[in-house]
Structure formats: structure tokens, C-alpha cells
Amino acid sequence: FEKPPTIPAESPMSAEERAEREKLLKDRQIGNIKFIGELFKRKMLTEKIMHEVIKRLLLGTPPQEDHQPSDEEIEVLCRLLKTVGQQLDRPQAAAYMDHYYVRMRNLQKNHPR
């Protein structure tokens with residue numbers, strides 16, 4: 001799980017081209033995370049892998065408690081939780097899920113508006 005691709009600032013593109021390219025990258029990220037979620041729902045990925053993906057979206061790579069996820073990482077995380085949250089929200093994983101939601105709540109409180 002790596003950092004998503006970005007467009008270099010010095011790239012010779014018009015604002016319109018840059019916006020289009022950024023939208024394509026974002027759409028690809030969201031499509032990939034939905035695919036990962038669907039693989040999990042079909043039991044082709046383990047719960048442990050899903051928790052690792054969530055942890056990396058929230059805490060970065062390598063995981064650091066002071067990591068500030070980008071807006072894109074948060075959006076991808078929300079899409080993933082929308083896809084697989086019901087399957088992950090089990091009594092055996094309550095501590096993990098509680099930690100994720102506390103972290104997300106703290107990010108929301110500290111997010112500049």
C-alpha cells in the first residue's frame with residue numbers, strides 16, 4: 001500500500017488539464033478501494049488485510065499517530081468503510097473499529113474549515 005500518485009507542481013499543464021488529471025487519479029483511487037472492499041466481501045481478502053488498509057489510510061506508511069491524512073485519503077477511507085464496515089463491525093473487532101472512529105472524530109474536530 002503506497003502513497004497515491006500525484007501530479008508534480010512543475011508539470012507543464014493548464015489548470016483545466018491538471019483538474020482533469022486529478023479527477024482521473026481520484027476516480028482510480030476510489031475504484032481501487034471499492035474493488036478491494038468487494039474482494040473482502042467475497043472472502044478473497046482477510047479481515048487482517050482490511051484492518052491494515054484502514055490503518056494505513058488513517059496513520060500513513062509507516063503508521064504514525066501524528067499523521068494527518070489528506071482529504072483524498074479520508075474520502076477513500078470513507079468509501080472503504082461504506083463498502084465493508086458492516087462486515088468488519090463485529091464484537092471481535094470492536095477495539096479496532098472504536099479506535100478508527102475515535103481517530104476520525106479527532107480528525108474532524110481538528111480539521112480547518
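Start by selecting Arg 42: with a relative accessibility of 55%, Arg 42 counts as exposed, because the cut-off for that class is over 50%. Bear in mind as you look around that this is a predicted model. Now add Glu 38 to the selection. Its side chain and that of Arg 42 meet in a salt bridge, 2.6 Å from N to O. Glu 38 itself is partly exposed, at a relative accessible area of 29%.

**Stepping back to the whole chain**

Zoom out and colour by secondary structure. You should find 4 helices and 0 strands in the protein chain, so the order from the N terminus reads α-α-α-α. Of the 113 residues, 31% are buried. Switch on the surface if you like: the accessible area is about 8,200 Å², and carbon and sulfur atoms account for 53% of that. For contacts between residues at least 6 apart in sequence, 60% join residues at least 24 apart.

**More salt bridges**

The salt bridges come to 8 in number, and two further ones make good stops. Select Glu 52 and Arg 56, which both lie in helix 2, 4 residues apart, or about one turn of the helix. Their side chains form a salt bridge with an N to O distance of 2.8 Å. Glu 52 is partly exposed at 28% relative accessible area, and Arg 56 is partly exposed at 25%.

Next, move to helix 3 and pick Glu 75 and Arg 79, again 4 residues apart and about one turn of the helix. Here the closest N and O atoms of the salt bridge are 3.7 Å apart. Glu 75 counts as partly exposed at 25% relative accessibility, and Arg 79 is partly exposed too, at 32%. Which residues are joined with them into one network through shared salt-bridge partners? Add Lys 26 to the view: Lys 26, Glu 75 and Arg 79 make up that network.

While Lys 26 is selected, note that this residue sits in helix 1 and is partly exposed, with a relative accessible area of 35%. For a distance check, pick the C-alpha atoms of Lys 26 and Glu 73: they are separated by 9.9 Å, although the two residues are 47 apart along the chain.

**Into the core**

Hide the surface and show nonpolar side chains. The largest nonpolar core has 19 residues, and those with the most contacts inside it are Ile 54, Leu 57, Leu 58, Leu 77, Leu 80 and Leu 88. Helix 1 (15-41), helix 2, helix 3 and helix 4 each give two or more residues to this core. In soluble globular proteins, nonpolar side chains tend to be buried together.

Centre on Leu 88 and show its surroundings. Leaving aside residues up to four places away in sequence, Leu 88 touches Phe 40, Glu 47, Met 50, His 51, Ile 54, Ala 93 and Met 97.

**Last stop: helix 4**

From Met 97, select the rest of helix 4, residues 94-110. These 17 residues reach 24 Å from the first C-alpha to the last, close to the 24 Å expected. Which residues of helix 4 are buried? They are Met 97, Tyr 100, Arg 103, Met 104 and Leu 107. Look down the axis: they cover an arc of only 130 degrees, so they lie on the same side of helix 4. Helix 2 (47-59) and helix 3 (71-88) are among what covers them. Finally, turn to the face pointing away from the buried side, where you will find the exposed residues Ala 95, Asp 98, Lys 109 and Asn 110.

Notes. Residues numbered from 1 in each chain as written. Predicted model: local features only at pLDDT ≥ 70, side-chain atom pairs only at ≥ 80, totals over all residues. Heavy atoms only, no water. Expected span 1.5 Å × (residues − 1). Buried < 20%, exposed > 50% of the residue type's maximum accessible area, 1.4 Å probe, protein only. Arc of directions from axis to C-beta. Contact = heavy atoms within 4.5 Å. Areas by Shrake-Rupley, 256 points an atom, 1.4 Å probe, with all protein chains shown as cover. Core = buried A, V, L, I, M, F, W, Y, C linked by side-chain atoms within 4.5 Å. Salt bridge = Lys/Arg side-chain N within 4 Å of Asp/Glu carboxyl O.
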